[in-house]
Amino acid sequence: MGNKETANLDQYSSYFRYNSPLVQVILIGLVCFCCPGMFNALSGMGGGGQVDPTAANNANTALYTTFAVFGILGGGIYNILGPRLTLFTGCSTYILYAGSFLYYNHHRHQAFAIVAGAFLGVGAGLLWAGQGAIMTSYPPSGRKGSYISMFWSIFNMGGVIGGLIPFILNYNRSEASSVNDGTYIGFMVFMAVGTILALAILHPSQVIRNDGSVCTNIKYSDVRTESWAILKLFLDWKMLLMFPAFWASNFFYSYQFNNVNGILFNLRTRGLNNVFYWGAQMIGSVMIGYIMDLSFKSRRMRGLVGISIVGVLGTAIWGGGLAKQLEYSRDDKPVKLDYKDSGSDFAGPFLLYFSYGLLDAMFQSMVYWVIGALADDSAILSRYTGFYKGVQSAGAAVAWQIDTHKVSFMSQLAVNWGLCTISYPLLVILVVLAVKDEGEVEEQTSNEVSLSEMIPGSMDNACGGLSNSS
């Protein structure tokens with residue numbers, strides 16, 4: 001019997017099996033590299049690469065409005081449709097969005113971009129709910145921070161490569177106001193590849209960890225079950241404590257992209273800046289992933305230390321942003337900087353924008369880690385991450401309209417800084433009250449198994465997802 005069990009475990013010992021959590025997280029990272037990674041590069045240029053950000057602001061408002069709805073619903077839809085169909089549908093909308101700006105380059109009509117933005121909001125809600133469920137439920141409990149940082153690094157490499165596209169294609173256009181057609185076509189090609197790659201993602205019941213355990217034994221759900229479970233999230237005290245962090249986590253993009261990168265730098269330099277902005281995210285995600293997985297034996301202590309570090313670093317970076325913001329305003333805009341021609345004047349604003357990217361990755365990786373520490377079940381985590389993306393997107397929709405309505409740069413900075421600052425103590429409370437150390441989780445699981453053995457048929461029901469899912 002012992003030899004048979006050893007043989008069974010040996011077949012799962014490779015990290016690079018197609019059905020291993022590592023390979024599946026790498027695959028979802030590559031999908032996000034191609035789709036939202038390229039979208040981030042497009043948005044990060046400020047105004048979607050156009051001289052007038054109005055069309056992009058309105059498209060992003062439509063995007064994040066529908067994203068807010070389908071982000072919340074996305075977890076339930078994922079549990080009904082499974083990962084492949086959910087992710088494929090979501091990825092396909094990114095191609096349409098990039099195409100709408102290619103159209104806008106020639107016709108200057110906002111309508112297509114706004115409609116495409118609304119469709120992308122639906123698709124992004126599906127994609128990120130599926131991504132969140134995969135990234136938080138597939139890894140072993142003691143390695144979630146490392147897997148999150150690995151995903152974040154792969155995903156943000158999309159922003160790095162995407163930043164190189166407009167930089168290279170517009171390198172000799174230092175006075176250009178809008179990017180050329182080839183930039184948008186390049187984005188669309190990457191997005192199409194990501195859409196096809198989404199079909200390679202396995203259902204969670206088919207993913208086997210190295211110890212032979214199945215990631216999660218879930219069946220496909222139904223509409224009524226998911227609707228009720230999603231409604232209960234609005235009264236879940238854990239989600240309410242995380243609400244400010246959820247809202248803040250994309251709220252700052254409109255300020256950073258339009259009013260820092262878009263105002264301070266010319267077109268080709270904005271593309272170069274994005275290479276380093278998303279590159280900084282790779283560094284930030286690795287740093288926080290190490291802290292929240294390997295720094296202390298106690299998972300609760302790792303969470304508290306990670307939140308504290310992000311809080312201190314965030315305060316310093318936003319303080320630097322305040323110092324720079326005091327030098328210009330919406331009514332007193334500076335001369336745009338060029339990375340070659342502006343000399344030492346370029347260094348400070350560049351470092352600030354780089355630091356914003358570093359903080360973004362650390363903040364969002366921290367939030368994902370806390371979500372992942374609240375549960376291990378894919379169905380629960382898909383709802384949690386869907387709720388996260390929904391609230392996050394509602395905040396972003398408000399932020400893009402705030403910028404469209406010409407609210408002062410200083411007011412936008414103050415709100416962003418304040419939202420981030422409020423989040424840290426609330427996350428500390430949540431970690432103290434709700435995050436259990438690994439030993440406590442194992443003891444609770446052991447008790448649940450003992451109880452299930454006393455109830456005839458309970459284990460059969462629990463594992464039914466293996467035979468009823470595809």
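Start at Gly82, which follows directly after helix H4 and has a positive phi of about 85°. The model on screen is predicted, so that local features need pLDDT of at least 70 and side-chain atom pairs count only at pLDDT 80 or more, while totals for chains, interfaces and linings use all residues. Numbering runs from 1 along each chain as its sequence is written, and side-chain values use heavy atoms, with hydrogens and water left out.

**Helix H4 and its bend**

From Gly82, step back into helix H4, residues 54–81, and select Gly74, where the helix bends by about 45°. The bend at a residue is the angle between axes fitted to the seven residues ending there and the seven starting there. Helices here are DSSP runs (H or I, at least four residues; strands are E, at least two), numbered from the N terminus.

**A nonpolar surface patch**

Next, select Leu96, Tyr103, Phe112, Val115 and Phe119, which form a nonpolar patch on the surface with about 420 Å² of accessible area together. Patches are made of residues with over 30% relative accessible area and no salt bridge, like charges being joined within 9 Å and nonpolar side chains (Val, Leu, Ile, Met, Phe, Trp, Tyr) within 5 Å. Accessible areas come from the Shrake-Rupley method with a 1.4 Å probe, and for residues only the protein chains shown count as cover. Colouring helix H5 (83–107) and helix H6 (110–137) is useful here, as each supplies at least two residues of the nonpolar patch, and the largest share, 3 residues, comes from H6. Phe112 lies in helix H6, and Phe112 counts as partly exposed because its relative accessibility is 30%. The classes used throughout are buried for under 20% relative accessible area, exposed for over 50%, and partly exposed in between (1.4 Å probe, protein chains only).

**Aromatic rings**

Now show the aromatic side chains: the structure holds 34 aromatic pairs. Among them, Phe265 and Phe346 form an edge-to-face pair, 5.8 Å centre to centre with 80° between the planes. This pair links distant parts of the chain, with Phe265 in the loop between helix H11 (253–264) and helix H12 (267–294) and Phe346 in the loop between helix H13 (299–325) and helix H14 (347–374), 81 residues apart. Both Phe265 and Phe346 are buried. Rings of Phe, Tyr and Trp (its six-membered ring) pair if their centres lie within 6.5 Å, and planes under 30 degrees apart count as stacked, over 60 as edge-to-face and the rest as tilted.

One aromatic cluster can be selected as a group: Trp128, Phe151, Trp152, Phe155, Phe234, Phe246, Tyr368, Phe387 and Tyr388. Add Lys389 to this selection, whose charged end sits over the ring of Trp128, 4.3 Å from its centre. Lys389 also lies over the face of Tyr388, at 5.3 Å from the ring centre. A charge sits over a ring if NZ of Lys or CZ of Arg is within 6 Å of the ring centre and within 35 degrees of the ring normal.

**Salt bridges**

The structure holds 5 salt bridges, a salt bridge being a side-chain nitrogen of Lys or Arg within 4 Å of a carboxyl oxygen of Asp or Glu. Select Arg268 and Asp338, which form one of them with the closest N and O atoms 2.8 Å apart. Arg268 lies in helix H12 and Asp338 in the loop between H13 and H14, so the pair ties together parts that are 70 residues apart in sequence. Both Arg268 and Asp338 are buried.

Move on to Arg330 and Asp403, whose side chains meet in a salt bridge at 3.1 Å, N to O. This pair links distant parts of the chain as well, Arg330 being in the loop between H13 and H14 and Asp403 in helix H15, 73 residues apart. Arg330 and Asp403 are both buried.

The salt bridge of Lys238 with Asp236 has its closest N and O atoms 3.7 Å apart. Lys238 counts as buried because its relative accessible area is 17%, and Asp236 counts as buried at 14% relative accessibility.

**Last stops**

In helix H13, select Ile309, which is partly exposed at 33% relative accessibility. Ile309 and Met362 are 53 residues apart in sequence and 9.4 Å apart in space, C-alpha to C-alpha.

Finish at Lys406, in the loop between helix H15 (378–404) and helix H16 (409–434). Phi of Lys406 is near 60°, a positive value in a residue other than glycine, and Lys406 is exposed, with a relative accessible area of 52%.
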